[in-house]
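Biologist: I would like a close look at a single part of this model. Please take it piece by piece and keep to what can be computed from the coordinates.

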Number of protein chains: 2
Amino acid sequence: MEYMKVKGSILVISGPSGSGKTSLAREVCSELKDRAYFSISTTTRPKREGEKDGVDYYFVSKEEFLKDVEEGYFLEWAEVHGNFYGTSKRQIDEALNLGKIVFLDIDVQGHEAVRKAYPNIVTSVFVTTKNKHVLIERLKKRGTESEESLEVRLINALHEMKRIPEYDYLLINENFEESKEFIKSIAIASLIKTSKYDIDKFIEYWRK
Amino acid sequence: MEYMKVKGSILVISGPSGSGKTSLAREVCSELKDRAYFSISTTTRPKREGEKDGVDYYFVSKEEFLKDVEEGYFLEWAEVHGNFYGTSKRQIDEALNLGKIVFLDIDVQGHEAVRKAYPNIVTSVFVTTKNKHVLIERLKKRGTESEESLEVRLINALHEMKRIPEYDYLLINENFEESKEFIKSIAIASLIKTSKYDIDKFIEYWRK
């Protein structure tokens, strides 16, 4: 299909910690099976209980991370809450060539960088809770937050939310099943965005 | 939800006669049940075999149609192949207030008019065949076409296709089940487009 610029598509999912974005992204990705690829980020933040290297993140030291940055390994990277997070470019390109929907669980800065790098094939969703009280509840239940970092996360959440207009979709995550249906729908639709096609080439091919 | 400008959304489906857009739209609409509303157009074109008034179209005379135009009854109307087609505004607004996805099976001019009238809540798909040969086959099978009108329809198809860049999605309808999944996904996603929200109001509500 020479009239399709890239076979796959990119779905960026952002939102405050505690919004449920990662569970949603992972669950939908696994339901889509071969059609989707969940990009695993590299991070310097400490492993949480139950997390696995190479599944949840690639856990590396700050030294290793900064070396990768220097070598141009990352499509985007950012410092959040004092830790580094980055997305490897090669893995994404491989998945795109296979026609997959690449799920990226990244923050607002990462979204900006990815949109610049792949202007025609990015679709984005911002996931958040109904209100701040629900977010606080979820963060407390996670049990990994001190009172201080909770405060920091709330301030960050509000900062990120100011950038919602840069996103294509806003998902208020109240019901897991409903939210999954939205993410899945957005993911599938992303494959046939008009911006993915070279329309002149398509018309030429069509009328032959 | 005071931060949602309109509860529902509009899904415009356009494409050449014979692309299969109407069957797709109707089938997906019926699968979505209460969540969707298929807008029935008014037309002056002769009823085809098997078509029913009030189901496929509201069939009216040219005189009646032009009277409705004068009275501002239509959101959009157009002359295509010598016949008039129009979309009633009141029915759409009622469905939107109920939070439904309103399916509009209209042409490129209709799309332009609807986008102007509802800039924030319109999503659009252009449906076409893989190439012109498939379109010709389908039109011939329909058996309602003379050789002459077939030629006219092909020229019109190419004219419409030049306006694909105005659409959000391009669906090359090769497999009915796959195409249905795309339309359904696009329809569901349309409900949470960022442009449907007043983000400032939402943030104000969120932090309270």
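In what order do the 5 strands of the open sheet in chain B stand, and is the pairing parallel or antiparallel?

Modeller: The model is a predicted one. In chain B the order across the open sheet is 2-7-1-8-9, and the 5 strands pair in the parallel sense. At the edges stand strand 2 (36–38) and strand 9 (169–172) of chain B; each has a single partner strand, so one side of each has no neighbour in the sheet. From one strand to the next, the twist averages 25°.

At one of these edges, strand 2 of chain B pairs with strand 7 (residues 101–105) of chain B through 3 bridges, in the parallel sense. Within this part, B:F38 is placed opposite B:F103 of strand 7 of chain B. Helix 1 (residues 21–31) of chain B packs on the sheet, where it touches strand 1 (9–14), strand 2, strand 7 and strand 8 (122–128) of chain B. The direction of helix 1 of chain B makes about 165° with that of strand 7 of chain B.

The other topic is the interface between the chains. Contacts join 27 residues of chain A to 27 residues of chain B. On the chain A side, two or more residues each come from helix 6 (147–161), strand 9 (169–172), helix 7 (176–190) and helix 8 (199–207) of chain A. Helix 7 of chain A gives the largest share of that side, 6 residues. By residue class, the side of chain A that touches chain B has 18 nonpolar, 3 polar and 6 charged residues.

Key. Residues numbered from 1 in each chain as written. Chains lettered and ligands numbered in written order. Predicted model: local features only at pLDDT ≥ 70, side-chain atom pairs only at ≥ 80, totals over all residues. Contact = placed C-beta atoms within 7 Å. Helix = DSSP H or I, 4+ residues; strand = E, 2+ residues; numbered from the N terminus. Nonpolar A, V, L, I, M, F, W, Y, C, P; charged D, E, K, R; others polar. Pairing = 2+ DSSP bridges. Axes fitted to C-alpha atoms, helices over the stretch in contact; angles between N-to-C directions.
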